[in-house]
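Welcome! Let's get to know this structure together, one question at a time.

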Amino acid sequence: VRLIHNLSLLQQGLAEGTYRHGAYIRFGISDPKPRLIHKASVRDRVVHHLLYRILYNYFDARFVYDSYSCRIDKGTHKALERFKNFSRAVSQNYTSTAWVLKCDIRKFFANIDHFVLKEVLYQHIDSPETLWLLENVIDSFSTEGKAGVGLPLGNLTSQLLVNVYMNEFDQFVKHQLKVKHYIRYADDFVFLSRDRNYLFSLLPQIDVFLKDRLHLELHPDKVSITTIASGIDFLGWVHFPQHRVLRTVAKRRMFRALGKDPKEARVLSYLGMLSHGNAYRLSQKVSETITRS
């Protein structure tokens, strides 16, 4: 009864234009590095789902093919397979040296500029009601010490809005830089080429676009140009020409989690993840945790 009453009040607030997004509950997690999660109220999460249902299909149809984060029928595993296929194509079936430019954006969610985001949304959405509701959600959060900047980790809308934001960059990469072999997963992205100098030439153009258009910066310690043969650390796996292995950090985190909770469901989840790489011996060790427990 209380739920129905609260939903009725929410519906009234949306219809009358009096709805205001509430405050967040803040808590920390380690995933694997420390992150602050901001959890909205049930009432506000209903609004997030409403917006997501209204906007997802429209924007998803306009995203580039090789954007893989928080999209239906995309995800980490498809990005890994795409990287393998690109590696094989660029290296001519591993007969030539292939180079990878790997980039990461510094404090991605915390630096999304509200004004720029709204400007992008205005180009696509005509409905005053939808824009009002989006502005309400966007303006409900700012990074500490930075008014008008940042999206909260934890909102369903944040997952979609960062893809809308970074689609500006994706379109720049594909249509102005005309890069053929490019993959992005959230704030991690890679470019593949047989020409090392070509990848070096992309860097200043990428840097300028991110700073001038999106007010974002590359993380200086997470930009590299290396050969596939030397191993490319991307999306939790280290990729080599004929195989990929789980990152050492991810491996340690997995066994630490299994030590705390060796339940069968968790073990099966990890075995599913390991099936996407060359991890036979590792899978055996993970399977043994069920027996030991």
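Q: How far apart do the C-alpha centres of domain 1 and domain 2 lie?
A: This is a predicted model, and its domain assignment gives domain 1 as residues 20-240 and domain 2 as residues 243-291. Taking the C-alpha centres of domain 1 and domain 2, the distance between them is 27 Å.

Q: Which residues of domain 1 lose the most area to domain 2?
A: Contact between the two involves 11 residues of domain 1 and 12 residues of domain 2. About 1,100 Å² is buried between them, with carbon and sulfur atoms giving 62% of that area. On the domain 1 side, three residues together make up 51% of what that side buries, and they are His77, Trp237 and Phe240.

Q: What is the distance between the closest N and O atoms in the salt bridge of Asp233 with Arg247?
A: Between domain 1 and domain 2 the count is two salt bridges. In the salt bridge that Asp233 forms with Arg247, the closest N and O atoms are apart by 3.0 Å.

Q: Which residue is the bridge partner of Asp233 in β8?
A: Asp233 also has a place in strand pairing, where β7 (232-234) is joined to strand β8 (residues 237-239) by three bridges, the two running antiparallel. Within β8, the partner of Asp233 is Val238.

Q: Which strands stand at the edges of the open sheet β7-β8-β9?
A: The three strands of this open sheet follow the order β7-β8-β9 with antiparallel pairing. Two of them have a single partner strand each, so one side of each has no neighbour in the sheet; these edge strands are β7 and β9 (244-246).

Q: Why is one side of β4 and one side of β6 left without a neighbour in the sheet?
A: Another open sheet has four strands in the order β4-β5-β3-β6, again with antiparallel pairing. Both β4 (182-185) and β6 stand at the edges, so one side of each lacks a neighbour because each has a single partner strand.

Q: Which helix packs on the sheet that holds β3, β5 and β6?
A: Neighbouring strands of this four-stranded sheet are turned by 20° against each other on average, direction ignored. The helix touches β3, β5 (188-193) and β6, and its direction makes about 20° with that of β3; this is helix α7 (residues 196-214).

Q: Which side chains of strand β6 are buried?
A: In a regular strand, side chains alternate between the two faces of the sheet. Along β6 (residues 224-227), Ser224 and Thr226 point to one face and are not buried, while the buried side chains on the other face are Ile225 and Thr227.

Q: Which residue of β6 is the bridge partner of Val100?
A: Strand β3 (residues 99-104) runs antiparallel to β6, and four bridges join them. Trp99 stands opposite Thr227 in β6, while the partner of Val100 is Thr226.

Technical notes
Residues are numbered from 1 along each chain as its sequence is written. This is a predicted model: local features need pLDDT of at least 70, side-chain atom pairs count only at pLDDT 80 or more; totals for chains, interfaces and linings use all residues. Side-chain values use heavy atoms; hydrogens and water are left out. Buried means under 20% relative accessible area, exposed over 50%, partly exposed in between (1.4 Å probe, protein chains only). Two strands pair if DSSP finds at least two bridges between them. Domain bounds come from an automatic or database domain assignment. Contact means heavy atoms within 4.5 Å. Buried area is the accessible area (1.4 Å probe) that two parts lose on being put together, summed over both. A salt bridge is a side-chain nitrogen of Lys or Arg within 4 Å of a carboxyl oxygen of Asp or Glu. Axes are lines fitted to C-alpha atoms, for helices over the stretch in contact, and angles run from 0 to 180 degrees between N-to-C directions.
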